[in-house]
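Trainee: Hey, could you walk me through this one? I'd like to go through it bit by bit.
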Amino acid sequence: MSSRRNAFVGLAWLAPTLAFVGLFVMWPMVHLIWLSFTSTSLLTGKGEWVGLDNFATAVSDPRFWAAFRFTLLYTAIITPILMVLGFALALLVAPNTPLRRLTRTVVFLPVVIGLASSSLLWFWLFDQQVGLFNRILVDAGLLSEPMVWFRKAETGLAAVIISVTWKVVGFGMILIMAGIQSIGTDLFEAARIDGASAWLRVRRIILPLAARSIGMATVISIIGSMLAFDQFYLMTGGGPRGKTFTSVYWIYQSGFVRFDLGYSAALSVILMLVIMAMTVVQLRLQAMRRRP
Amino acid sequence: MSTATLDLPPHGLGRRARGWLVAALCIAVIALMLLPLVMSVLASLRPLAETSQVPPTYLPSELSLENYRKVAAYQQGIWVYVRNSAVVAAMTIVLCVALAVPAGYAFARFPVPGKELWFVLILSSMMIPYQALIVPLYLMFSRLGLTASPLGLAILHTMLQLPFSVYLMRNSFEAVPRELEEAARVDGASTAFQLRRVFIPLAAPGIVTVALFAFITSWNEFIGALILMNSESAFTVPIMLTGVVSGDFGSVDWGALQASVVISMLPCLLVYLALQKYYVSGLLSGAVK
């Protein structure tokens, strides 16, 4: 077979995927950018060219900034929690023993269930009347009476963070564990023979050598948190008084509750740029990792 | 361990004590992680009279399927929503495999012009958060009649999984030894025949991983389903859950909520436990690249 014919055959195998990506990713992206310069409404599907108006509105919209700040706050709180717990769990379960393998499997269980399922499961646990989490806290003497978690933004955020931590901590654990397991055992042996304490071994060997996988888990988890929607939509509903709207929630609210697709598109463009910048960081980390 | 004394860290615990500590920690972690799941399953099995009891009891006084019977009749009946979710997930699996297998084959074995550029283009679509593309996709799908349609949602879910799937299939096919296909080529087999008889059987674990991730993503995906499936008969399970929690009569039916949460979690948990090996290796290869 000539290589020219091979090239055609290969292109034919590839064509459906390229068509799919072009039609359902690239074209919508171009359309999104165009929409962000219009006043398109969800109700009529029509709109006019308004130039940079939507972006100007976004910059001066306190609710947009509030949602953006709240998303950053959520990300800034949950990321260290997830990484510290993920690292601690990874240290615990990295060696291959039956009990540790079982622990891995169990910690990872919530990762595969839906965020909607876990959010509603915890919504029930946190309920001030029928929630068992409150009952446990009261029985343990930590609360004098059941708490109304979703009345205040702070406790609502805490409830979401507890539930999401339970749901996704296994993800960071698995990534970091793989990083730890790739460290050669001879290094540990050498350190052990030199009499290094467990703490010293963690700090001087594991932490530096697993740094890349921790870095990657951190970026993936930051991107995920910046795109948070399901957990707030289902647990706090953006309340009280709109204090727990996230960026994606505000995009949803603008486009599909307030019917302003043009504005929603402008917010989406901003979000896309922020996430793309973060993904570049992630890819850099991955490139670093690939090198020996 | 001939150097047992050297194994002991100078200031730390003894080896045995450390073993017990690790075991205790593992068991504590397992208990903590399982507790919400176990409480949820037990709560779903309470008799109706106990579902809204204040304060709640830890254990049901007796096990009952009343809550499940109730959600079976919820709105259109939960099985309609389970079926919708299953149809969308099945379509997503078929689309992901049908697109990623030939694409991976082309990337692994053919001198396609501009190959690496196309590959980067496909992978780079991972950089675009799909939440941002929902507005234009909604407009496109409503023009094409793909809102409230399982195919429309399956297209969105395929879009989410395709870059990972293509990446994984390329790697799987590249790992197939060249000698095997050369033997087939000498016999005069067509490329399609080689794909079917040589590549697909050898890359089967990769295909299972692609299908597994497609299933889990599709079954759980929320915001796309919330926006696209805008008619009640088309709801998938996660969207039905929002209906249960907002309550038909203004108050939450906790028993029905528990039962439907359990039904929504169960397929993913079972599939994961059955195919754990594929899931973890897929996750690591996807993140590590």
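Trainee: Where does Arg241(A) lie?
Mentor: Arg241(A) sits in the loop between H11 and H12 of chain A. Keep in mind that this is a predicted model.

Trainee: Okay, and what is phi of Arg241(A) near?
Mentor: Phi of Arg241(A) is near 50°, which is a positive value in a residue other than glycine. That loop also holds Pro240(A), between helix H11 (230-235) and H12 of chain A.

Trainee: What kind of peptide bond joins Gly239(A) and Pro240(A), then?
Mentor: A cis one, with omega at about 0°.

Trainee: Switching topic to the two chains. How many residues are in contact between chain A and chain B?
Mentor: On the chain A side there are 91 residues, and they are in contact with 96 residues of chain B. Together the chains bury about 8400 Å², and 81% of that is on carbon and sulfur atoms.

Trainee: Which three residues supply more of the area that chain A buries than any other three?
Mentor: Trp13(A), Val112(A) and Trp124(A), which supply 9% of the area chain A buries against chain B.

Trainee: Which helix gives the largest share of the side of chain A that touches chain B?
Mentor: That's helix H1 (residues 3-35) of chain A, with 23 residues. By class, the side of chain A that touches chain B has 65 nonpolar, 17 polar and nine charged residues.

Trainee: And how many salt bridges are there between chain A and chain B?
Mentor: Zero. There are polar contacts across the interface, though: eight residue pairs, both residues at pLDDT 80 or more.

Trainee: New thing: cavities. How many of 30 Å³ or more does the structure hold?
Mentor: Three. The largest has a volume of about 60 Å³, and the second largest about 40 Å³.

Trainee: What lines the largest cavity?
Mentor: Residues of chain A, including Phe64(A), Phe68(A), Ser247(A) and Ile251(A). H13(A) gives the most to this lining, with four residues. Helix H3 (62-93) and helix H12 (247-257) of chain A each supply at least two. Sorted by class, the lining has seven nonpolar residues, one polar and no charged ones.

Trainee: Which residues line the second largest cavity?
Mentor: Both chains take part: among them are Gly114(A), Ala116(A) and Ser117(A), plus Trp219(B), Asn220(B) and Pro238(B). H12(B) supplies the largest share, three residues. The class split for this lining is five nonpolar, four polar and no charged.

Trainee: Okay, pockets now. How much space lies in the second largest pocket?
Mentor: About 1600 Å³. Of the 47 residues that line this pocket, the closest to its centre are Ala88(A), Leu89(A), Leu91(A), Leu92(A) and Leu25(B).

Trainee: Which helix gives the largest share of that pocket's lining?
Mentor: H2(B), with 14 residues. Several helices of chain A supply at least two residues each, including helix H4 (98-112), helix H7 (153-181) and helix H8 (185-193).

Trainee: Last one: how does the lining of the second largest pocket divide by class?
Mentor: There are 37 nonpolar residues, five polar and five charged.

Definitions and conventions
Residues are numbered from 1 along each chain as its sequence is written. Chains are lettered from A and ligands numbered from 1 in the order in which they are written. This is a predicted model: local features need pLDDT of at least 70, side-chain atom pairs count only at pLDDT 80 or more; totals for chains, interfaces and linings use all residues. Side-chain values use heavy atoms; hydrogens and water are left out. Contact means heavy atoms within 4.5 Å. Buried area is the accessible area (1.4 Å probe) that two parts lose on being put together, summed over both. A salt bridge is a side-chain nitrogen of Lys or Arg within 4 Å of a carboxyl oxygen of Asp or Glu. A polar contact is a pair of N or O atoms within 3.5 Å; within protein, one must be able to donate a hydrogen and the other to accept it, and residues adjacent in sequence count only if both atoms are side-chain atoms. Ala, Val, Leu, Ile, Met, Phe, Trp, Tyr, Cys and Pro count as nonpolar, Asp, Glu, Lys and Arg as charged, and the others, Gly among them, as polar. On a 1 Å grid over the protein atoms alone, a cavity is a set of points where a 1.4 Å probe fits but cannot get out, and a pocket is an open set with protein on both sides within 12 Å along at least five of seven lines; lining residues have an atom within 4 Å of a point. Grid points are joined across faces, edges and corners, and a volume is the space filled by probe spheres set on the points.
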